[in-house]
There are 2 protein chains.
Amino acid sequence: MAREIERKFLVDGDDWKDGAEKGVRLKQAYLLGAADRSARVRVFDDSRARITLKFGGSAMSRDEFEYDIPLEDALDMMTHALGSVIDKTRYRVPDGNFVWEVDVYHGDHAGLVVAEVELPNETATPRLPDWLGREVTGDRRYINQALAETGAIPEENG
Amino acid sequence: MAREIERKFLVDGDDWKDGAEKGVRLKQAYLLGAADRSARVRVFDDSRARITLKFGGSAMSRDEFEYDIPLEDALDMMTHALGSVIDKTRYRVPDGNFVWEVDVYHGDHAGLVVAEVELPNETATPRLPDWLGREVTGDRRYINQALAETGAIPEENG
């Protein structure tokens with residue numbers, strides 16, 4: 001069990017690409033959801049798969065359990081997706097003591113680029129790179145589960 | 001992924017014990033649920049643990065995915081149970097070409113005894129042992145998820 005604390009921002013421009021490592025293609029679907037919990041399945045680079053259970057209502061802090069599963073199971077589960085299957089490429093962008101994860105969305109959500117950083121505690125203060133736009137931590141419209149449900153990017157970025 | 005087809009009955013008397021193998025103590029909690037899907041965690045004999053995801057609305061046939069997980073994760077997950085944690089002992093009772101599973105409930109559901117048989121297809125006709133009572137296949141009150149939600153056995157058996 002991991003305790004997940006993170007901040008999330010929109011991304012402004014392409015300067016983040018200078019520090020980015022090779023991306024991983026992620027396809028993910030929500031299988032079960034409620035206000036304070038969810039079950040998700042993910043496929044990485046069309047070759048590995050994992051399920052994740054999350055509990056806890058706070059946007060900045062949640063209990064998370066993750067397990068590797070057979071790729072074939074994951075593809076079967078995706079036929080039971082709630083809403084659309086999210087398709088994005090995730091890039092790691094190290095910056096000082098922190099690692100930003102920049103998600104470039106494809107398909108229904110093309111045009112949306114979001115950066116997240118995982119923090120050791122709720123008071124940690126990472127340096128904020130110049131390529132960050134508006135902070136959206138706690139904005140439920142940018143949670144992947146909400147993106148899957150609507151099948152579109154929130155209007156202000158459309 | 002397994003396709004699960006089963007019939008379920010109440011149990012009448014103790015004659016099933018003659019053919020029963022050693023029981024396994026099962027503690028199980030529902031973590032996420034909707035009409036056509038659920039996520040469940042189980043602990044076997046306080047030593048092994050497993051999560052199960054089920055999809056599909058038909059009472060006799062569902063898609064089921066099961067994975068072993070660390071015991072510590074399972075105990076953490078049980079703090080997020082929806083409703084009560086179900087506590088029962090499951091006995092295997094072989095009968096001809098079929099194996100019945102008899103669940104003897106404890107705690108909030110003490111007094112309830114249910115037998116299930118898994119079938120190779122929806123038209124299979126297992127012999128029905130004398131110790132079976134009324135068939136409750138498809139009766140949602142006897143689904144473990146419903147038992148967990150109400151925290152009590154259905155009234156006709158109370």
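## Leu31(A) and the main core

In this predicted model, Leu31(A) has contacts in both chains. Within chain A, Leu31(A) touches Ala39(A), Arg40(A), Val41(A), Met77(A), His80(A) and Leu82(A). Across in chain B, Leu31(A) touches Arg37(B) and Leu53(B). Residues up to four places away in sequence are left out of this list.

Leu31(A) also belongs to the largest nonpolar core, a set of 32 residues. Six members of that core touch the most other members. From chain A they are Leu31(A), Ala39(A) and Val41(A). From chain B they are Leu31(B), Ala39(B) and Val41(B). In soluble globular proteins, nonpolar side chains tend to be buried together.

A second core is separate and holds 14 residues. Among them are Val11(A), Trp100(A), Val102(A) and Val113(A).

## The contact between chains

Chain A gives 15 residues to the contact, and chain B gives 16 residues. On the chain A side, five elements each supply at least two residues. Four of these are strands: E2 (24–34), E3 (37–44), E4 (48–55) and E5 (61–69). The fifth is helix H1 (71–78).

What classes of residue make up the side of chain A that touches chain B? There are 11 nonpolar residues, three charged residues and one polar residue.

## Symmetry

A turn of 180 degrees lays chain A on chain B with an RMSD of 0.0 Å. The shift along the axis is 0.0 Å. The two copies are therefore related as by a two-fold rotation axis. Both copies use the same surface: 100% of the contact residues of chain A recur in chain B.

Which residue of chain A comes closest to the rotation axis? That residue is Leu32(A), with its C-alpha at 3.2 Å.

## The fold of chain A

Chain A contains nine strands and two helices. Along the sequence, the order is β-β-β-β-β-α-β-β-β-β-α. The radius of gyration of chain A is 15 Å, close to the 15 Å that the globule rule gives for 158 residues, so chain A is as compact as a globular protein of that length.

The C-alpha trace of chain A spans about 40 × 30 × 30 Å along its principal axes. Of the 158 residues in chain A, 25% are buried. Contacts in chain A between residues at least 6 apart in sequence include 58% that join residues at least 24 apart.

Terms used
Residues numbered from 1 in each chain as written. Chains lettered and ligands numbered in written order. Predicted model: local features only at pLDDT ≥ 70, side-chain atom pairs only at ≥ 80, totals over all residues. Least-squares fit on C-alpha atoms with pLDDT ≥ 70 in both. Contact = placed C-beta atoms within 7 Å. Helix = DSSP H or I, 4+ residues; strand = E, 2+ residues; numbered from the N terminus. Nonpolar A, V, L, I, M, F, W, Y, C, P; charged D, E, K, R; others polar. Core = buried A, V, L, I, M, F, W, Y, C linked by C-beta atoms within 7 Å. Buried ≥ 20, exposed ≤ 12 C-beta atoms within 10 Å, placed from the backbone. Rg over C-alpha atoms; globule rule 2.2 N^0.38 Å.
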